Amino acid sequence: MNLSMKWLADYCDIDVSAKEFCDAMTLSGSKVEGFEKEGEELKRIVVGRVEEIKKHENSDHLWVCQLNVGGDSNIQIVTGAQNVNQGDYVPVALDKSVVHGGHEIKKGKLRGEVSEGMLCSLGELGLSINDFPYAIEDGIFILGDDCDKTLGMDIREAIGFDDTVVEFEITSNRSDCLSVIGLAREAAVTFNKPLKVADKAALKEDGAVEDIIKISVADADLCYRYVGAVVKNVKIGPSPRWMRERLRASGVRSINNIVDITNYVMLEYGHPMHAFDLRYVEGNHITARRATKGEKIVTLDGGERELNENMLVIADDKKPIAVAGVMGGEFSSVMDDTETIVFEAACFNGASVRTTAKALGMRTESSARFEKELDPNNCMGAITRALELITILGAGEVVDGIIDVFPTPKAPSKVKFDYEWINNFIGINVPRDRQVSILEQLGFTFEGEMVVAPSFRNDIEHPADVAEEIARIYGYDKIESTPLSGVSNAKLTPKQAFVKNVNDALLAQGVSEIQTYSFVSPKVYDKIMLPENSPLRNCVVISNPLGEDTSVMRTTAIPSMLDIVSKNYNNRNLVASFFELATVYSSNGKEQLPTEKQKVVIGAYGEGVDFFEVKGIVEEVLRKMYVFNYDFTAISDRVEFHPGRTAEITVGDVKLGFMGEISPQVQENYGIGTRVYAAELDIDACFEVATPDVKFSPLPKFPAIVRDLSFVCDADIPVMSLQKRIAAAAGKYAESVNIFDIYQGKQIEKDKKSVAFKLVLRSNEKTLTDTEADDAMNRVVKSLAELSITLRS
Amino acid sequence: MRQKLEEIRERAAKELEAATDLAAIEELRVKFLGKKGELTAILKQMGGVAPEERPKLGQLANEARGYIEQIIADKNEELQKAALANKLVEEKIDVTAPSKRRKLGSKHPLTIVLDEIKDIFIGMGFDIAQGPEVEWDYYNFEALNIPENHPARDTQDTFYITEKMLLRTQTSPVQIRVMENKKPPIRIIAPGRVYRADTVDATHSPLFHQIEGLVIDKGVTMADLKGTLELFVKSLYGEDSQIRLRPHHFPFTEPSCEIDVACFRCHGAGCPLCKGEGWIEILGAGMVHPKVLENGGVDPNVYSGFAFGMGLERVVMRRFNIDDIRLFYDNDLRFLEQF
């Protein structure tokens, strides 16, 4: 909402600078986005009179003018314009002046003749012919009688281009502030000044109007009130300068006096109005009714609109003549030959206007206002003002009487007023008198214990709403901060701390954290080659996505990881490892929310990165999670992974996740020219099997006996199974069994491998003897011999 | 004999002086003190000395031995020191040569700042709550006093799953979920992802993060809101930062406010960073609307509370001077490693 400060001055005297005004309004609840002084860029442009004009001797199109600009002597200016005559009053840009666009004008010579400045067109002042309809577009602006012709006067003042315009951002609950009067009321209470609103006669008077037009409301649930008045002998013409000025400052183009009056009243009262040409109101009868399905109307903008039974129209006896609160019909609008008009000031159901405008794809200034729920009690003030302006402008003859159809009067909102409760709720101490006066200035009245909200305020329902009025006018800045009282002991939940540990373990291992979109393209499932019947394809689908790329909620975060790996690889980041704590979403149908699960996803590529490096990262993460006794088991059924290089990670029956090398095909699908390794762990599953309750074990008191053993076995035996078997066979003294070498090659039979173990034996009670160690070794050898695995000779 | 001892002492001293390495010293030790050494040889001649002379000569011989042992030890130490000094000189390296680094991973900048914010609030007694990202319309709008056709729905372009299910446009639905599950006193923050149908550009992302806060107890006032958030802002931006509360409107709080912090660059004078306003908006807040308390099953006649919400991305962008929101989700290593 753009507010003209000149217009505001009609309703409230403000005697502070624009900056102070803006700051104070912002802090009392009407947020100012900024302000602008009209014509601020113009410098040294004054009113001048052409005293003499003659042809330039060395030119066939230039004129040499002598101008009186209020000084002791005339100045000479050469102009190329052809519309200047002796005696004309014109804008004169003097030497060292600045015109619109920041262009500087300097004294100079034109074909030998001195020119001490320039005569200006409207464009050079930053205006257009909408501002001065009598001017011509491509010539010098000749000042009309609506301008001050004092010679030498600053042109901005002379032509009324010196307003200050303040831009407000009005919140959706305060549609009443989308008006000059609404903002004046806020300004008055903010600066503690009187509000000068003349109470206009809002009485319904019978009169001749009822012989001219009939008005009825068929659907009172959508049309709360319809007020109509008639003006005959209309004289369409331009509006006076003051009206054009105010419209311009408000960002509205001047059209003609009748259209301007409806816009002017809308800006001043905040209530949209409409004017119909009576010739096109068939049956001289206006009805507010629901449209019938398929009914059509050509709106003012020339488009044909198909309506339905949820939309309210304004209709004559035959057809719709306006989409209520949205836009008028083309044929019934005011034209140059219009003789009699019907003014409409009505109040429609906001939600209905909103859905109608949305369905028709035509959000207008009018619909934007109606959808915020306007005040039906404002209709009469608006139409009375419009009729007053008709008379002031001499734009026609007001027919006696106003028709007011008001089937659904609005009950005033009453709230209990308890000034002490307000003080306690906000944490202030504002005396009752001051609270009452703030509310009265805002238009509230009192009835016993109750405070009654003015009808233009539809945001007052609770004592808290009244408290806000007190607090914002008293000043949020005057509320004295208090710390929260009461002791509260907060910490991360065990699960939150668990996730934080995962983060730390990965960062410490050089893995960097990423964040990716939760929604993906359904095509990513093809990219990772999921089978058609994969449950992972059962996604939560967004019904109105921005595009296919972000249209389904991911069921796995592996594609997001591959996408980031691909981007980094193609950006020549040679080695990288990433992780994401990613949420995935699995659909539970329409009646239940999806299941959201958190996964930790790891991805790595580049020189030195291989399966076992990533396995190591995963194992360290498991350690930091306090997950022990896990198994890595070879799997080959995850299609996005290499069938021979993928492991499932489990603890007992619980599946924690999987890891492996991405299959060469998927790698290619993502445009990655190197091997990529990835892992995914389910946070919940890991949390379930974690055993964070650690107890200290004493450091060993007795020495260990260390034995190395090398076995030859079939190449496809998983070494972890041997490791476990050795530990079991070695018995109670086995402290650890570690593999330190795996060999396949010339010195070993084909399809066999040699695996070397380091067995550490120790007792907590005594120093072990060689015999005890030998016994353990023998048990190990015997146990493996059962599998036909022999010591390497 | 006395003379001979004197002569051995002098000679030993002289020859040791000339020794340059440990081997030479060892040789001299054997030569003088060894079983077949010169001093031993002399002592063997003790038999030929008059008995009354013997104790005196014995003492002299021991003194000579002690003396030679001492100078050998001194020389030894001297040479060892020299050898060590020499070794240290030889082992000199160029400390400016490149390191063998074990790289730490980089925390995502959003997480860096979020962790900081969480720490601040935990320190103030706030627990961390979570709620689903795919939400019911009821929790995201209706329960928050935003009925169907409310104009506030226009400003939040919502991604819908079904008519009743959507991607949450704000973290505020967590308020209702917390109230439903916990009796006051309540003191939580709820960080998380939110979704709005904004086309991607340098300052818009269809997915971003918010941090919601909720405090409910008996007698909570707007002065408490101000005090709490002032403390938060000072913790985040420094003790000397200034805030102002500006009236605003949210359907789920009443009274509502936005909280501005004095521009970090111009401190209120107005500059391009704050678009000339001198203040930068960082938070929306207010006293929880009585209808919202009721919807959460909390009696507004007994309890009151305040709520607040802030966008994480904008805070992080200002912190690190990041000019494009898309960088967060592009995850280029060269970007991540800067933090």
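**A tour of chain A and its contact with chain B**

Begin by selecting strands S33 and S34 of chain A (strands being DSSP runs of E with at least two residues, and helices runs of H or I with at least four, numbered from the N terminus), which form a hairpin with two residues between them, and where A:Gly652 in the turn has a positive phi of about 60°. This is a predicted model, in which local features need pLDDT of at least 70 and side-chain atom pairs count only at pLDDT 80 or more, while totals for chains, interfaces and linings use all residues. Residues are numbered from 1 along each chain as its sequence is written, and chains are lettered from A in the order in which they are written.

Seven bridges join S33(A) to S34 (residues 654–662), and the two run antiparallel; strands pair if DSSP finds at least two bridges between them. Across this pairing, A:Glu648 stands opposite A:Phe658 in S34(A).

Next, select S32 (residues 631–634) of chain A, which is joined by four bridges to S33 (residues 641–651) in an antiparallel arrangement, with A:Ala634 having A:Ala647 as its bridge partner.

Then move to helices H12 (residues 419–426) and H14 (residues 463–474) of chain A, which pack at an angle of about 75° with their axes 10 Å apart (axes are lines fitted to C-alpha atoms over the stretch in contact, and angles run from 0 to 180 degrees between N-to-C directions). H12(A) is therefore roughly perpendicular to H14(A), a term covering 65 to 115 degrees.

Finally, show both chains: the contact takes 65 residues from chain B and 74 residues from chain A, where contact means C-beta atoms, placed from the backbone, within 7 Å.

Key:
Contact = placed C-beta atoms within 7 Å. Parallel < 35°, antiparallel > 145°, perpendicular 65-115°, else oblique.
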